[in-house]
Structure formats: C-alpha cells, structure tokens
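Thanks for coming, everyone. Please pull up the model on your screens and keep the sequence beside it.

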Amino acid sequence: MRLTRIDLNSWIFQIAEKTILVDPWLVDPLEFYGLPWLYTAYHNTPLAFTPDTLPGIDLILLSQGVDDHCHKPTLQRLDHSIPVVASPTAAKVVRSLGYQSVTELSHWQKVEFDQTLQITSVLGAEIQPGQVENGYLLRDLVTGATLYYEPHQAPMQELAAKIGSVDVAIAPVIGQIFPLLGQVIMGPEQAIQLVETVKPRYFLPTTMGDIRTSGLLPMLIKSVGSVEEFRDRLSTSGLSTQLIVPFPGETLELTFSQQQG
C-alpha cells in the first residue's frame, strides 16, 4: 500500500494495484458555494501534483459534495472518462460536469473493481441537517489489507459493529467548530476514540493544509487540539498504533507481514 498526501483533504491511495485520487483540490482558488466572501482558500506552496502532472489515475474517490472535497475547477481539468465513486451529493456534481462512469454509494453499500478492490461507503459526517456524507473502507481482496478514510467525524458505534480492526486509518486530529453546526471535524479526543475502535496499525492525520484563507467563515471557525496533543494522547494510551505525519507531496509505502484479526 502506497499513500501520498497532497494537501488538506487530497490524497493518492495506491492499493490493490489501483491508483485512487481522493477528494482532489489541485487548482486555486477554493471557494465555498461559489461565494468568495464566505470562504476562499489558496495553497501557500506549489503542490507536488497538478491536474497535468498526476500519475495515471484509475479511480476518483469523493467523500462529500462540498467544495473542499468535490472541487469543481479541479474536476473540470481531469479526464472525465476516469471512473468515480462518490457520495450522493458528490455524484450529482460530477455527473453535472459530464463524467461518464459514476458509482453513487449510499451508506454501507459496496462496489468491487476487477475482483481486487472493494470499497464500502461508511456513515460519515452530517455537514448540515439531513446531509450525512461518506467515509470509506477500502479493502485489497487479494492481500486483505484495509484502509479507513474519514475526513470529518467517525461514527464510533457503527464502526465497532460493522468494520472491526483495520490496517490504516486516515482521519482528522485537529477539530473544527462551526457556528450553528457545532464540531463538524473531530479533534484529538475523538481521534483517540477512533483508534480504540478500529485499532489501526498506522494512523495518518488528514484535513490539514498549508493554506491561507479569507472570508467570513474562517473568522468564525474555532480549532480544537493539535497533532502534538494527539501524539501525546496516543503515546500515553498504551495503544500500539503508529502515528505517521507525512509532508505534503510525500509518499509512504506500508507493508503488512500478517493480517489482523
């Protein structure tokens, strides 16, 4: 399994001989709902990848339909023949852009590719009342290796009942509290609960970016915790999970000598 952190929510997962582009934001700016006065973001440093310099992508995976996960200007620049797996809200966006092969997954639905890769849509975060987005469980059907990805809030009881342990978990460790909505991104305390629940061998933080923002919303968002706080909590927890914090553009190669039970 090879994992490349791009920045913020964007990753490249290489698993089951597939190269998967996740929640890509590769061109500036990023605006929420086309309202620059509400939220605008730019990358501070050039990304390791642009739409033109990506490796060959077999699949695009979109967890949410909001702009920091389903960035229209980026998706417009990508090959529309690339298959897409998406939450219902994200599927609507990519279909409107003309993507030819879109698999829409509701919670706990599964899809397989070439009998080597299985993707399960996991109950995700409630972005706004009635709009609950997706996390994902990816499984290499040949080796059994598993990767759980959730960019906002993990449903602990559901995970405990339906997933069990995983090899890799990618989730936030720095929380964000939004006005009216409350905490929509989990912080160190919830991240430790996630580790206790799915017992990953490796944990990689996501939803972190070297970015600058402007607009009304960034002034109202409150951050909770830090990578250092999570590292300390993990160190004192007695859990065997290894924390890895890759730099933007860094690729990690993870191997698993034996499968977890």
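I'll go through a sheet, a core with its aromatic pairs, and two helices. One caution before I start: this is a predicted model.

Let's take the sheet. It is open and has seven strands. The order is β9-β10-β11-β12-β13-β16-β19, and the pairing is mixed. Which strands sit at the edges? They are β9, residues 110-113, and β19, and each of them pairs on one side only.

Now walk along part of that order. Strand β12 covers residues 146-149 and runs parallel to β13, with three bridges between them. Look for Tyr 148 there: Ala 169 in β13 stands opposite. Next, β13, residues 168-171, is joined to β16 by four bridges. Those two strands are parallel as well. Val 168 has Tyr 202 as its bridge partner in β16. Then β16 connects to β19, residues 242-243, through two bridges, again parallel. Here Phe 203 faces Leu 243 across the pairing.

Stay on β16 for a moment. In a regular strand, side chains alternate between the two faces of the sheet. What does β16 do with its side chains? Tyr 202 and Leu 204 point one way, while Phe 203 and Pro 205 point the other way. All four are buried.

One more residue in the sheet. Gln 131 belongs to strand β11, residues 131-140. Is Gln 131 buried or exposed? The relative accessible area is 15%, under the 20% limit, so Gln 131 counts as buried. Beyond its neighbours within four places in sequence, Gln 131 contacts Val 66, Thr 89, Ala 125 and Glu 126.

On to the core. In soluble globular proteins, nonpolar side chains tend to be buried together. The largest nonpolar core here has 29 residues. Which members touch the most others? Phe 13, Ile 119, Leu 138 and Val 168 do. We already met Val 168, the bridge partner of Tyr 202. Strand β2, residues 10-15, gives the most to this core, with three residues.

Zoom in on Phe 13. Its relative accessible area is 0%, so Phe 13 is buried. Set aside neighbours within four places in sequence, and Phe 13 still has a list of contacts, including Leu 3, Ile 20, Val 22, Leu 138, Leu 147 and Ile 170. Tyr 149 is on that list too.

That brings up the aromatics. A search of the whole structure finds six aromatic pairs. Take Phe 13 with Tyr 149. Their ring centres are 5.9 Å apart and their planes are at 75°, so this pair is edge-to-face. Phe 13 is in β2 and Tyr 149 is in β12, so the pair ties together parts that are 136 residues apart in sequence. Tyr 149 is buried, also with a relative accessible area of 0%. Add Trp 11, and you have one aromatic cluster of Trp 11, Phe 13 and Tyr 149.

Now another pair, Phe 32 with Tyr 39. The centres are 4.2 Å apart and the planes are at 15°, so this pair is stacked. Phe 32 counts as buried at 11% relative accessibility. Tyr 39 is buried at 9%.

Last topic, the helices. An α-helix has 3.6 residues a turn, so residues three or four places apart point the same way. Helix α6 covers residues 227-237, and Val 227, Phe 230 and Leu 234 are buried in it. Why do they share a side? Because they cover an arc of only 65° around the axis of α6. The other side of α6 has Glu 228, Asp 232, Ser 235 and Thr 236, which are exposed. What covers the buried residues? The cover includes α4, β16 and β19. Just after α6, Gly 238 takes a positive phi of about 80°.

Then α2, residues 88-97. Its buried residues are Ala 90, Ala 91, Val 93, Val 94 and Leu 97. They cover an arc of only 160° around the axis, which puts them on the same side of α2. Lys 92 and Ser 96 are exposed on the other side. The buried residues of α2 pack against β6, α1, β7 and β8. Just after α2 comes Gly 98, with a positive phi of about 100°.

That's the tour. Over to you.

How values were computed:
Residues numbered from 1 in each chain as written. Predicted model: local features only at pLDDT ≥ 70, side-chain atom pairs only at ≥ 80, totals over all residues. Heavy atoms only, no water. Buried < 20%, exposed > 50% of the residue type's maximum accessible area, 1.4 Å probe, protein only. Contact = heavy atoms within 4.5 Å. Pairing = 2+ DSSP bridges. Arc of directions from axis to C-beta. Core = buried A, V, L, I, M, F, W, Y, C linked by side-chain atoms within 4.5 Å. Phe/Tyr/Trp six-rings, centres within 6.5 Å; stacked < 30°, edge-to-face > 60°.
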